[in-house]
Structure formats: structure tokens, C-alpha cells
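Biologist: Please take a close look at the largest cavity for me, in connected prose that a newcomer can follow. What is its volume, and which residues line it?

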Amino acid sequence: MDDTFLSGATDDTVRMWDLRTASAQGLLNVAGHPCVAYDPSGAVFAVVLNLRSTVMLYDVKNFDKQPFHTVHIDDPILRDRSFPARTPIYTSVSFSNDGKWLLVGTSGDVHYVLDSFDGAVMARLERAFPSRSLPLLALLFSFSTLAEHD
């Protein structure tokens, strides 16, 4: 069992922590408040950057190296609705149980399912009737832990 976890902070850093030590074991400086998640195997982690609408995939063994894959989330529907295009605030990212998909949640009315291998947007999830009753940063999304609907 691995005792490490990741944190993304508003100071534009991603840190890798080990529960057995008091200080971070790794540090990434990124431009854009990050959301982070491990894949189910623990070998890869995703970083979603708000300021750039970007998903970056890293190899855990090469934490301090460049990402091995980077994808920009482009939403033509949002681009067509307003100019300049409204960029969602990303609030969460999670891998499906089989590691094939990434769910990127936002504080808005749209969320994305991406192919975790090539970064293609596979589904765009949008609420038909926007809800303004929830606090902006309280929205976190994940796949079913039962894997019945992945």
C-alpha cells in the first residue's frame, strides 16, 4: 500500500506528500490553480489547470519532469455562446475505475468526460436548468465506485 497523496493549491503548486513524513516529497510549479487525481493504478496522475483549460498527465516516477501528455479542453459550444468565450472554473478531476476516462467537473453548468489516453472530449455533460443555489466551489464529481455506470 502506498502512503502518498497529491494536493493542488491556489498558490499554483502541486505537491506529493507521504503520510510518513512531515514535508512534501515533490513539488510542481504550475500556472493555473490545479485540480489533481491519481489514476487507479497509482502510476499516473492528472493535473487540470484553470487558467489554461489544460489537462496534463504525469508519470508518478518522473514527478518533477514535464508531463508526458498535455491536452487543451476546447468547448466550441461555450465559444459560440459568448465572446470572448466563457471559461469554466474547474473544481475536480477523477479517473474512472478502469482508468480509461477522466471526469473534469466545473463550478458551472458543464462538465467533461475525456479519453484518458488521447485527451479527446468524449462527452459534454450539461445541466438543462442551471442551478444557482449551490456554492461555486462546492461541486465535486466522480465516477461511481461500484463501476456499474463507468
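Modeller: The largest cavity has a volume of about 40 Å³, the volume being the space filled by probe spheres set on the grid points, which are joined across faces, edges and corners. A cavity here is a set of points on a 1 Å grid over the protein atoms alone where a 1.4 Å probe fits but cannot get out, and lining residues have an atom within 4 Å of a point. Searching the whole structure for cavities of 30 Å³ or more turns up one. This is a predicted model, in which local features need pLDDT of at least 70 and side-chain atom pairs count only at pLDDT 80 or more, while totals for chains, interfaces and linings use all residues. Residues are numbered from 1 along each chain as its sequence is written, and side-chain values use heavy atoms, without hydrogens and water.

The lining of the largest cavity consists of Val 55, Leu 57, His 69, Val 71, Leu 102, Leu 114, Asp 115, Ser 116 and Gly 119. Two or more of the lining residues come from each of the elements S6, S7 and S10, where strands (E, at least two residues) and helices (H or I, at least four) are DSSP runs numbered from the N terminus.

Two of these elements are partners, since strand S6, residues 54-59, and S7 pair in the antiparallel sense over four bridges; pairing requires at least two DSSP bridges between the strands. Within that pairing, Leu 57 has His 69 in S7 as its bridge partner, and both of these residues belong to the lining. S6 and S7 are part of an open antiparallel sheet of four strands, in the order S4-S5-S6-S7, whose edges are S4 (34-38) and S7 (69-72), each of which pairs on one side only.

The remaining element, S10, covers residues 110-115 and is joined to strand S11, residues 121-126, by an antiparallel pairing of five bridges. In this pairing Leu 114, a lining residue, stands opposite Val 121 of S11. S10 and S11 make up a hairpin with five residues between them, and Gly 119 in its turn has a positive phi of about 80 degrees; Gly 119 also appears in the lining.

The neighbouring strand S5 helps to place the cavity in its surroundings. Ala 46 sits in S5 and is buried, with a relative accessible area of 0%, buried meaning under 20%, exposed over 50% and partly exposed in between, for a 1.4 Å probe and protein chains only. Beyond its neighbours within four places in sequence, Ala 46 has contacts (heavy atoms within 4.5 Å) that include Leu 57 and Leu 102, two residues that also line the cavity. From Ala 46 to Thr 70, 24 residues apart in sequence, the C-alpha distance is 9.6 Å. Ala 43, by contrast, lies in the loop between S4 and S5 and is partly exposed, at 36% relative accessible area. Neighbours within four places aside, Ala 43 is in contact with Tyr 58, Asp 59 and Val 60, and its C-alpha atom is 5.4 Å from that of Val 60, although 17 residues separate the two along the chain.

Stepping back to the whole chain, one helix and eleven strands are found, running β-β-β-β-β-β-β-α-β-β-β-β from the N terminus. Of the 150 residues, 40% are buried, and among contacts between residues at least 6 apart in sequence, 35% join residues at least 24 apart.

Conventions
On a 1 Å grid over the protein atoms alone, a cavity is a set of points where a 1.4 Å probe fits but cannot get out, and a pocket is an open set with protein on both sides within 12 Å along at least five of seven lines; lining residues have an atom within 4 Å of a point.
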